[in-house]
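Colleague: Let us go through this model together. I will ask, you answer briefly.

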Amino acid sequence: MNTGENIPEIFRAYLAKLRRELHLESAVCVICGRTGKFSIAVPGESGKETGTYDDFLSSVNLRENIFCDGCGSSSRDRMLVYAFGRASANPGPLNAWRELPHQKVFETAGRRGHPPFLSGKFDYYNTDFDPEKMKSGYDSRKYADLQSLPYDDSFFDYVLTSDVFEHVRLYQQAFREVYRVLKPGGVLVMTVPYVHGWEKTLVKVEPRGDEDVFLTEPEYHGGHTLVYRIYGRDLLPFLRGIGFTVGYLEFSKPKYAISFQNVILGVKDDYLDLSNFMEEP
């Protein structure tokens with residue numbers, strides 16, 4: 001991937017056009033607060049066969065490849081933080097949020113720009129799943145198994161997870177664990193590969209006892225992390241069955257360089273207030 005170097009001149013022009021269409025020169029990073037400092041990464045071979053703007057657009061995954069030059073966040077990261085800010089009544093960029101060190105925030109595999117800011121604002125746990133490092137005693141602020149979380153009931157105020165649950169082998173057990181460790185009124189903010197037009201989840205790998213049965217060709221993210229499923233709408237009633245009140249939203253926020261995508265919210269309560277999501281364009 002690159003951001004404009006070593007590609008044909010026509011695609012540099014296409015990048016400039018796309019930046020104008022996305023209003024990136026005036027956008028503000030919802031994490032670090034910088035204005036107009038965004039790069040678009042495209043495949044090195046982008047559009048070389050046909051050279052059309054539509055082909056160029058089809059090669060660019062805007063959710064993953066609009067990066068803030070300041071903090072390195074992707075559009076997906078900014079969606080997660082924006083939704084968290086709306087759900088927690090923290091408006092504007094994360095760098096300007098008030099400090100709430102008494103509130104506990106759990107995140108799965110937080111990367112790039114936002115973890116340093118969250119660690120300065122909250123009592124923040126940013127964990128990876130690493131079975132080798134977890135064989136003996138380990139720091140539960142850095143490592144955790146979503147299928148068996150090492151925390152007391154009603155421990156966290158918020159759980160943040162971005163594109164992780166497609167990799168969790170026993171996802172139903174993991175969601176129940178998330179519900180267990182959230183405080184009453186606590187909120188799950190989640191992005192995940194999800195197709196709202198699908199009635200049912202596409203199961204790619206089915207766990208059967210200790211065995212993984214491949215139902216489709218194996219798919220990996222990041223080169224090595226197995227994808228077990230791509231979620232459909234049956235995820236939402238499943239979350240409600242656990243006890244969450246669930247909200248599904250899809251939108252873009254050009255003001256914050258957030259491309260069109262979706263986010264799922266679950267609150268450990270009988271009411272989910274989405275009014276904060278409607279306050280600004």
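**Cores, cysteines and a hairpin**

Modeller: Beyond its neighbours within four places in sequence, F84 is in contact (heavy atoms within 4.5 Å) with W97, V105, L118, F122, Y158, L160 and V189. The model is predicted: local features need pLDDT of at least 70, side-chain atom pairs count only at pLDDT 80 or more, and totals for chains, interfaces and linings use all residues. Residues are numbered from 1 along each chain as its sequence is written, and side-chain values use heavy atoms, without hydrogens or water.

Colleague: Which helix gives the most to the largest nonpolar core?

Modeller: A nonpolar core is a set of buried (under 20% relative accessible area, 1.4 Å probe, protein chains only) Ala, Val, Leu, Ile, Met, Phe, Trp, Tyr and Cys residues joined through side-chain atoms within 4.5 Å. The largest has 47 residues, and F38, F56, F84 and V189 have the most contacts inside it. Six of its residues come from one helix (DSSP H or I run, at least four residues, numbered from the N terminus). That is helix 4, residues 75-87.

Colleague: How many disulfides does the structure hold?

Modeller: A disulfide needs two cysteine sulfur atoms within 2.5 Å. The sulfur of C32 is 3.5 Å from the closest cysteine sulfur, in C68, too far for a bond. For C29, the nearest cysteine sulfur is that of C71, 3.7 Å away. The count is zero.

Colleague: In strand 14, which residue is the bridge partner of V246?

Modeller: Strands (DSSP E runs, at least two residues) pair if DSSP finds at least two bridges between them. Eight bridges join strand 13 (residues 245-253) to strand 14 (residues 258-267), running antiparallel. The partner of V246 is G266.

Conventions: Buried means under 20% relative accessible area, exposed over 50%, partly exposed in between (1.4 Å probe, protein chains only).
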